[in-house]
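This report is a first walk through a single structure, written for a reader who has not met it before. Please keep the sequence and the 3D view at hand while reading.

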Amino acid sequence: PECTGEECLVKIGKAVNMNEWISQKPLEWEKYLNKEVKVTADEKNTYQGWVFTVDPVSGSIVLVNFVDAGKVSVVTIMGHAVQTVELISEGENITKEKLSALFMPVAAKVYSNEELEQRKSSLKLWLEKNRIPVTEQGDQNKLLCVAGVLTVSPPYNPEDCNSSNEIILSRVQSLIKCNPNADHKTD
């Protein structure tokens, strides 16, 4: 039977047993997203956390718990091991936002043309200081070409390097990370 209307709502404190869980369709599992649940699995192990996702093929549940200092704990309960799923609480918008942001890349900083030119010049000088042959190439000389086998694209961070030679790629990326004038350093 299709899930429509009132029966689609998950009620707090209502548990779904294994046969019900595994037989549900992805649209029925979707109602558990961003909600806090208690899952009883094989061997009577219990897990509690916020539902990040449910695998639409296996019914496996990915639970997230927010630990202190911005750290998270992620647990996957295999669909075949799920005995019961009980809704503990509804998620608030802030919880949904925190869950959504978990696996998203950090927003890239936008640089002005002047900043990009300064970053390119700084990197070029650093490479030349370390006796690495470098030229400017490409559209409006935006690419730095290192020894004819590696390119560095704006904004000229280590991850902006491209080369089929992994040894050169690794060494140039390490050298870029050591550039004292760069602002790409991470904690």
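Is Glu90 buried, partly exposed or exposed? With a relative accessible area of 39%, Glu90 is partly exposed, and the salt bridge that it forms is taken up below, after a look at the sheet and the cores. The model is a predicted one, and the descriptions that follow should be read with that in mind.

## The sheet

Six strands form an open sheet in the order β1-β6-β2-β3-β4-β5, and their pairing is antiparallel. The edges are β1, which covers residues 15–17, and β5, which covers residues 72–77, each of them pairing on one side only. From one strand to the next the twist averages 35°.

At one edge of this sheet, β1 and β6 run antiparallel and are joined by three bridges. Ala15 has its bridge partner in β6, namely Glu86.

## The nonpolar cores

In soluble globular proteins, nonpolar side chains tend to be buried together. Here the largest nonpolar core has 16 residues, and the members that touch the most others are Trp21, Val37, Val39, Ile61 and Val85. Two or more residues of this core come from each of the elements β2 (36–41), β3 (46–54), β4 (61–66) and β6 (82–89).

Apart from this core lies another one, made up of 14 residues, which include Leu123, Leu144, Val146 and Tyr156.

## The salt bridges

The structure holds four salt bridges. In one of them Lys35 pairs with Glu90, and the closest N and O atoms are 3.6 Å apart. Lys35 belongs to the loop between α2 (26–29) and β2, while Glu90 belongs to the loop between β6 and α3 (93–101), so the salt bridge ties together parts that are 55 residues apart in sequence. The two partners are not equally accessible: Lys35 counts as buried because its relative accessible area, 17%, is under 20%, whereas Glu90 at 39% is partly exposed.

Another salt bridge joins the side chains of Glu117 and Lys120, at 3.5 Å from N to O. Both residues lie in helix α4, which covers residues 113–129, and because they are three residues apart, about one helical turn separates them. Glu117 is partly exposed, at 40% relative accessibility, whereas Lys120 is buried, with a relative accessible area of 3%.

Glu136 and Lys124 also meet through their side chains in a salt bridge, again described by an N to O distance of 3.5 Å. This pair links distant parts of the chain, since Glu136 is in strand β7 (residues 134–137) and Lys124 is in helix α4, 12 residues apart. Glu136 is partly exposed, with a relative accessible area of 30%, and Lys124 also counts as partly exposed, at 21% relative accessibility. Through salt bridges that share partners, Glu117, Lys120, Lys124 and Glu136 are joined into one network.

## Helix α5

Helix α5 runs over residues 166–177, and its 12 residues should span 16 Å at 1.5 Å a residue, which agrees with the 16 Å between its end C-alpha atoms.

Which residues of α5 are buried? They are Leu169, Val172, Leu175 and Ile176, and because they cover an arc of only 130° around the axis, they lie on the same side of α5. On the other side of the helix, Glu166, Ile167, Arg171 and Lys177 are exposed.

Methods:
Residues numbered from 1 in each chain as written. Predicted model: local features only at pLDDT ≥ 70, side-chain atom pairs only at ≥ 80, totals over all residues. Heavy atoms only, no water. Core = buried A, V, L, I, M, F, W, Y, C linked by side-chain atoms within 4.5 Å. Buried < 20%, exposed > 50% of the residue type's maximum accessible area, 1.4 Å probe, protein only. Helix = DSSP H or I, 4+ residues; strand = E, 2+ residues; numbered from the N terminus. Pairing = 2+ DSSP bridges. Axes fitted to C-alpha atoms, helices over the stretch in contact; angles between N-to-C directions. Expected span 1.5 Å × (residues − 1). Arc of directions from axis to C-beta.
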